[in-house]
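The following exercises concern the structure displayed below. Please attempt each task before reading its worked solution.

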Amino acid sequence: MAQKTNLAQGRSYLAIPGPSVMPDAVLRAMHRAAPNIYAGELVEMMPGLVADLKRVARTEHHVAMYIGNGHAAWEAALSNVIAVGDKVLVPATGRFGIGWGEMATKIGAEVEVLDFGRKDPMDMDRIGAVLRADTGHEIKAVLAVHVDTSSSVRNDVPALRALLDEVGHPALLMADCIASLGCDRFEMDAWGVDIMVAGCQKGLMVPPGMAFVFFNEKAEAARAKMPRVSGYWDWSPRAHATEFFQYHGGTAPTHHLYGLRVALDMIHDEGMENVWRRHEVLASAVWAACEAWSTEGTFGLNIADRANRSCAVTALRLQSPNATALRDHVEGQLGLTLGIGLGMAAPGDTAWHGFFRLGHMGHVNGQMIMGMLGGIETGLRALDIAHGAGALDAAAEALAQR
Ligand SMILES: *Cc1c(COP(=O)(O)O)cnc(C)c1O
């Protein structure tokens, strides 16, 4: 039998929800000799970089930077305001909400999880009932994941703020925007978020390695009342640095800073509104295709209602043949890497193979999205996977009608 032609040579495409595609300009900015960290260009670059980072978060308040990933940002944020024995409320809508709650447990917090499953956003009524019952204001913080990357649900953070205000509950509102920052609209100050955590490797288009904690005056006041805060995670010297090394608690992530500088320039040259709008339009093409595929066979979108879907990541089901077969095929034969399913079934459980995710965050444009969708269509055909027709037409139409 004639061997099938492999089509994976050429520029590959990593379409997973983080790390995301890195712009060549970011990579070029990082490809350089070690800089002086005591004086010169890098040191002088910091005030502008901090200001531009805050503009992405839409905050006028503070940011602390760490060498670390998203998990580091989780622990850093908690370490500054949650003491051993403090209570936190975790309205979870996927694996990452659960994970942040587990992190809180590990630093000694008393954690109450309100689990909304894997397919639905937070239910404000249920959260409201818990907050109202807490008349002694034992709950010190609500840990809300804006976009849970495992389920691809996007939660209504302003509604959560409105709920806290309506109940008159003083708990800190903490938001995980690791997946959503620079992708889905997020406005820290206007939305009344007290603490927000992010990483650099998703919407910010830089290799993994930097973690950010943004915080306002209310959070700073909570920090001031802490019996102790671990030295490395303490956000105070980092956010109020007078010397370069203080921003980073030691040697700076020099090359990440150069990459981040270029990424922030790209974001602000495009404009935050345009960045959010681009993600919205590209996501609408992804959804149009996935909805068409879902009309036959076992292909399905995890989040039914478009209003509850993130514009940065899409979680999907595919049972027969399963998602792993499709992922393996498009990676090996076409040079397209799709994300594994996360938090839907335990690794090792065969059900695990029935889920996958598409990353469409950061440095992505129309032709990349059409290429990704075309790769999936090709894989569905090559593997004889039952699927609805017209997906690529629907996606092209969504982009044409933007
Ligand atoms: C990626 C992600 C994390 C974890 O980030 P790591 O860099 O993998 O530690 C946490 N929360 C959300 C919402 C994420 O998307």
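**Exercise 1: A sheet and its pairings**

Thr314 stands opposite Leu358 in strand 14. The model is a predicted one, in which local features need pLDDT of at least 70 and side-chain atom pairs count only at pLDDT 80 or more, while totals for chains, interfaces and linings use all residues. Residues are numbered from 1 along each chain as its sequence is written, and side-chain values use heavy atoms, leaving out hydrogens and water.

Task: state in what order the five strands form the open sheet, and which residues pair along strand 14.

Solution. Begin with the terms: strands (E, at least two residues) and helices (H or I, at least four) are DSSP runs numbered from the N terminus, and two strands pair if DSSP finds at least two bridges between them.

1. The order is 1-13-14-12-11, with mixed pairing.
2. Strand 1 (13-15) and strand 11 (300-301) are at the edges with a single partner strand each, so one side of each has no neighbour in the sheet.
3. Strand 12 and strand 14 run antiparallel and are joined by five bridges; besides the pair named at the start, Ala315 stands opposite Arg357 of strand 14.
4. On the side of strand 13 (residues 336-340), two bridges lead to strand 14 (residues 355-359), again antiparallel. Here Gly339 has Arg357 as its bridge partner, and Ile340 has Phe356.
5. Two bridges also join strand 11 to strand 12, in antiparallel fashion, and Leu301 stands opposite Leu316 of strand 12.

**Exercise 2: Burial and packing**

Task: determine how many residues of strand 14 are buried, and which helix lies across strand 1, strand 13 and strand 14.

Solution. Buried means under 20% relative accessible area, exposed over 50%, and partly exposed in between (1.4 Å probe, protein chains only).

1. In strand 14, five of its five residues are buried. Phe355, Arg357 and Gly359 lie on one side, with Phe356 and Leu358 on the other.
2. Strand 12 (residues 313-317) has four of its five residues buried, so it is largely enclosed by the rest of the structure.
3. The helix lying across the three strands is helix 12 (residues 366-382), which runs at about 80° to strand 13. Such angles run from 0 to 180 degrees between N-to-C directions, with axes fitted to C-alpha atoms, for helices over the stretch in contact (heavy atoms within 4.5 Å).

**Exercise 3: Empty space**

Task: identify which element gives the most to the lining of the largest cavity, and which supplies the largest share of the lining of the largest pocket.

Solution. On a 1 Å grid over the protein atoms alone, a cavity is a set of points where a 1.4 Å probe fits but cannot get out; a pocket is an open set with protein on both sides within 12 Å along at least five of seven lines, and lining residues have an atom within 4 Å of a point. Points are joined across faces, edges and corners, and a volume is the space filled by probe spheres set on them.

1. The whole structure holds one cavity of 30 Å³ or more, and the largest cavity has a volume of about 40 Å³.
2. Strand 1 gives the most to the lining of this largest cavity, three residues; the lining includes Tyr13, Leu14 and Ala15, and also Gly359.
3. The largest pocket has a volume of about 520 Å³. Of its 22 lining residues, Arg11, Ser12, Tyr13, Leu14 and Met368 lie nearest its centre.
4. Helix 12 supplies the largest share of the lining of the largest pocket, five residues.
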